[in-house]
Amino acid sequence: MTSMTDIDVWLDRRPDRAEALALVDVSDLDALQVAAAALRDRGHDRLISYSRKVFIPLTQLCRDVCHYCTFAHPPRKGQRAYMTPDEVLAVARAGADAGCKEALFTLGDKPELRYRVAREELAELGHETTLSYLRAMALLVFEETGLLPHLNPGIMDEGDLASLREVSVSQGIMLESISPRLMEKGACHHGSPDKDPSLRLATIEAAGKLAIPFTTGILIGIGETRVERIEALLALRDLHDQYGHIQEIIVQNFRAKEDTRMADWPDAPIDELRWSIAAARLIFGPHMHIQAPPNLSPGDSPSLIHAGINDWGGVSPVTPDHVNPEAPWPHLRQLADDTAAGGKHLVERLAIYPNYAQDPQRWLDPAFAQAVLNRVDASGLARTDTWSPGIDLSPPAAITAASPHVPELDKLLARASGGEDLNEVEVERLFAARGGEVDAVCRAADDLRRKVNGDNVSYVVVRNINYTNICYFKCQFCAFSKGKLSENLRGRPYDLSLDEISRRVAEAWDRGATEVCMQGGIHPEYTGQTYLDILAAVKAAAPDMHVHAFSPLEVYQGAQTLGVPLAEFLGRLKDAGLSSLPGTAAEILDEEVRRVLCPDKLTVDQWLDVMETAHGLGYRTTATIMFGHVDRPIHWARHLLRLRTLQMKTGGFTELVPLPFVHMEAPIYLKGRARMGPTYRETLLMHAVARLVLHPYITNIQTSWVKMGRDGIQAALNAGVNDMGGTLMNESITRAAGSEHGQELPPHAMEALIRDLDRTPVQRTTLYGTPPERQVQASFQAAPLAEIINNPARKYERNSDRQPLIRPGLEAAGAD
């Protein structure tokens with residue numbers, strides 16, 4: 001008899017074989033479930049997932065004769081052996097129209113080996129085998145509807161699996177049982193050669209060798225013993241430990257069906273199902289996805305949650321469960337309510353689970369990598385809306401779903417609102433808010449904004465001047481930089497003359513601007529003197545203009561090219577008229593992300609060092625975070641906490657500017673290696689969580705109207721935002737990335753928008769002071785902008801006489 005004390009030990013380690021087999025004798029099912037549920041919560045917290053799928057029964061002929069099965073049947077007169085391509089597409093299109101993302105192909109095992117009609121019909125369709133036809137139909141469905149195929153065709157060798165890997169995102173086969181007894185005469189698998197456990201385990205192992213995300217599991221109540229269930233789970237665990245490819249373990253309960261040989265066989269008792277789920281959870285540990293189909297246990301969903309599941313499997317709003325036709329799918333709203341009744345929140349996933357979707361280079365054929373990334377959020381779960389930053393598309397009307405009340409979240413929000421420090425895990429928890437939790441986080445952030453900033457919404461009249469788009473850095477997200485060293489050749493390379501910069505500055509001053517914001521690519525011929533010359537030109541054109549210029553990367557590169565320390569170069573810039581620095585080039589302050597996104601750029605420590613040095617010299621700077629590409633919530637948490645730590649030390653940041661990734665023309669997206677920007681939920685949470693986490697040290701949170709659009713701005717202003725940034729004039733970087741939201745929002749339009757949202761507009765200076773009245777008046781009476789001149793970049797060639805290219809990220813990596 002295994003005691004509860006023994007079970008508690010498994011919260012920290014998996015049971016060995018002997019300990020797992022001892023689960024057979026556990027009599028305290030409630031205690032077993034408590035341990036399993038606690039283990040599940042360590043890996044999956046409060047989330048229970050499902051896949052919105054359409055069920056495509058390509059053929060119901062099968063060479064096996066499982067005694068419990070109503071899915072497979074012999075050929076029927078007047079009925080086709082296989083669905084036609086048109087029939088397959090009709091079902092798939094209905095699923096796509098209903099919001100499904102998975103096409104589940106289920107079929108009998110190699111019926112052509114048993115039935116002549118199958119061979120003849122395959123020949124008519126132009127195929128020799130069922131697997132060949134399956135491959136063709138999976139590819140057809142993906143290309144015509146975008147649904148992601150999951151394939152369950154039965155026993156396969158490595159060649160079969162490899163072929164199907166090219167047309168699917170995941171595959172599966174139920175082990176069902178490890179007992180060869182069940183193949184004996186009178187048992188459920190007699191006469192079914194493909195139910196041989198050794199063959200099924202060989203298929204699962206072959207899938208592991210090929211890095212195929214794989215689904216498998218056990219069927220309980222078909223004549224197996226508890227010991228045999230444990231043996232089956234241990235065999236699957238051994239394979240997963242070796243290859244890491246089993247993405248879920250299904251624990252399915254037998255239900256008797258009419259017109260089968262097991263019609264009078266008793267259904268698997270609910271307590272046996274609960275015991276089997278709990279045992280699977282303890283054997284596999286906290287991170288494995290353990291699934292139980294909800295339609296096979298109607299009314300018992302909460303008890304299955306308490307037993308340790310974290311997934312309901314595929315649920316279809318379109319097609320029936322062809323394998324269990326007597327058990328209709330629950331309505332998704334009912335499933336969400338049942339999940340909430342079990343203390344959890346229902347979330348949608350893809351056929352490929354999050355941890356596999358986030359590593360497409362390993363787990364997916366290249367043809368599917370971008371398709372999967374386009375359909376997931378930062379956690380690897382399904383993207384449930386079509387909104388993306390920079391696209392002129394209305395965001396979702398609301399983010400609501402059945403969610404249990406979580407007191408732990410209330411405590412986190414109260415602590416953050418009180419200015420207490422949160423750790424990485426706690427900040428990541430705020431980013432993980434779903435359903436009603438999103439409203440709670442945004443409401444807390446907005447309450448804090450109201451307390452700190454009131455109902456004023458500020459903005460600054462500014463002109464953006466990007467003096468060159470030539471850049472030798474290879475940032476994977478940037479669609480702005482041009483030239484032969486750039487990752488993207490969209491548009492013509494230019495390099496503004498000092499005369500054109502002066503003209504734009506003077507025009508901006510005449511139009512009421514109090515700031516010019518100047519940044520550009522890192523031109524291989526630019527030195528620190530270039531930036532000093534630009535400042536001289538600006539100050540000559542408009543002596544009272546606030547110059548907000550030069551990213552930390554430009555500052556670092558400028559100092560290096562002149563061979564002087566950072567502090568000295570920053571001092572020279574200040575003497576030449578630089579007033580403050582933009583906190584760009586931060587992207588995500590985490591090296592794991594930067595190694596992919598911008599490996600040759602500043603490291604995290606170098607970026608922070610430039611900022612700290614600038615603050616020490618009296619500069620004020622902004623801070624940014626550019627998110628929604630290859631990053632995850634843990635990276636966002638680290639970024640915000642690093643900003644908070646520096647701000648507590650220096651007090652030099654004026655605001656945080658969240659910059660959602662605009663994907664349309666970004667090289668890393670076009671290469672199929674990034675998501676299509678953050679989701680709407682993630683974007684709102686970034687503004688809200690930043691407000692909470694950075695309080696009370698950074699008191700201004702800005703939103704980017706260029707990226708968010710009017711509706712997005714409204715939502716952000718109700719999620720902790722108090723600043724709209726600048727009117728811009730000639731915004732070009734986000735526009736180069738594909739944004740559709742324009743390049744200038746003049747003061748009268750800015751203020752009208754703010755008033756429409758029941759807030760009070762306040763024109764400000766860069767450092768949140770009051771601008772001169774003459775400039776305010778001029779901003780409302782501004783003449784149209786003159787046509788800009790982008791001076792074509794002259795040709796240049798690298799040679800040994802030119803300055804070496806400064807690549808701080810690569811230099812730091814080499815030093816390591």
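Is Asp 455 buried, exposed or partly exposed? Asp 455 is partly exposed, because its relative accessible area is 38%, and partly exposed covers values from the 20% limit for buried to the 50% limit for exposed. This report reads a predicted model, starting with its confidence and then turning to charges, a sheet and one helix residue.

**Confidence**

The mean pLDDT of the protein chain is 91. A score of at least 70 is reached by 92% of the residues. Two stretches fall below 50. One is residues 480–490, with 45 contacts in the model beyond near neighbours in sequence. Another is residues 731–741, where the pLDDT is also below 50 and the corresponding count is 42 contacts. Where pLDDT is low, predicted coordinates should not be read in detail.

**Salt bridges**

Side chains of opposite charge can pair when their charged atoms come close. Across the whole structure, a search returns 58 salt bridges. Three of them are tabulated here.

| Pair | Closest N to O distance |
|---|---|
| Glu 272 and Arg 229 | 2.7 Å |
| Arg 644 and Asp 421 | 2.5 Å |
| Asp 455 and Arg 450 | 4.0 Å |

Take Glu 272 and Arg 229, which meet in a salt bridge. This pair links distant parts of the chain, 43 residues apart. Glu 272 sits in helix 10 (residues 270–284), and Arg 229 in helix 9 (residues 226–243). Both residues are buried.

Arg 644 and Asp 421 also form a salt bridge. Here the partners lie 223 residues apart, again in distant parts of the chain. Arg 644 belongs to helix 25 (residues 633–650). Asp 421 lies in the loop between helix 16 (407–417) and helix 17 (424–431). How does burial look on each side? Arg 644 counts as buried because its relative accessibility is 3%, under the 20% cut-off. Asp 421 has a relative accessible area of 47%, so it is partly exposed.

Now back to Asp 455. Its side chain meets that of Arg 450 in a salt bridge. Arg 450 is partly exposed, because its relative accessibility is 39%. Both residues belong to a network of salt bridges. The other members are Asp 446, Asp 447, Arg 449 and Arg 759.

**A three-stranded sheet**

Which order do the strands of the open three-stranded sheet take? The order is 17-10-18, and the pairing is parallel. Strand 17 (723–726) and strand 18 (760–764) are the edge strands, each pairing on one side only. Neighbouring strands are turned by 20 degrees against each other on average, direction ignored.

Strand 10 covers residues 456–460. Five bridges join strand 10 to strand 18, and the two run parallel. Within this pairing, Ser 458 stands opposite Val 762 of strand 18.

**Ala 371**

Ala 371 is part of helix 15 (residues 366–373). Is Ala 371 buried or exposed? Ala 371 counts as buried, because its relative accessibility is 10% and buried means under 20%. Leaving aside neighbours within four places in sequence, Ala 371 is in contact with Phe 142 and Leu 148. His 289 is 82 residues from Ala 371 in sequence. In space, their C-alpha atoms are 23 Å apart.

Definitions and conventions. Residues numbered from 1 in each chain as written. Predicted model: local features only at pLDDT ≥ 70, side-chain atom pairs only at ≥ 80, totals over all residues. Heavy atoms only, no water. Pairing = 2+ DSSP bridges. Helix = DSSP H or I, 4+ residues; strand = E, 2+ residues; numbered from the N terminus. Axes fitted to C-alpha atoms, helices over the stretch in contact; angles between N-to-C directions. Buried < 20%, exposed > 50% of the residue type's maximum accessible area, 1.4 Å probe, protein only. Contact = heavy atoms within 4.5 Å. pLDDT = per-residue confidence, 0-100.
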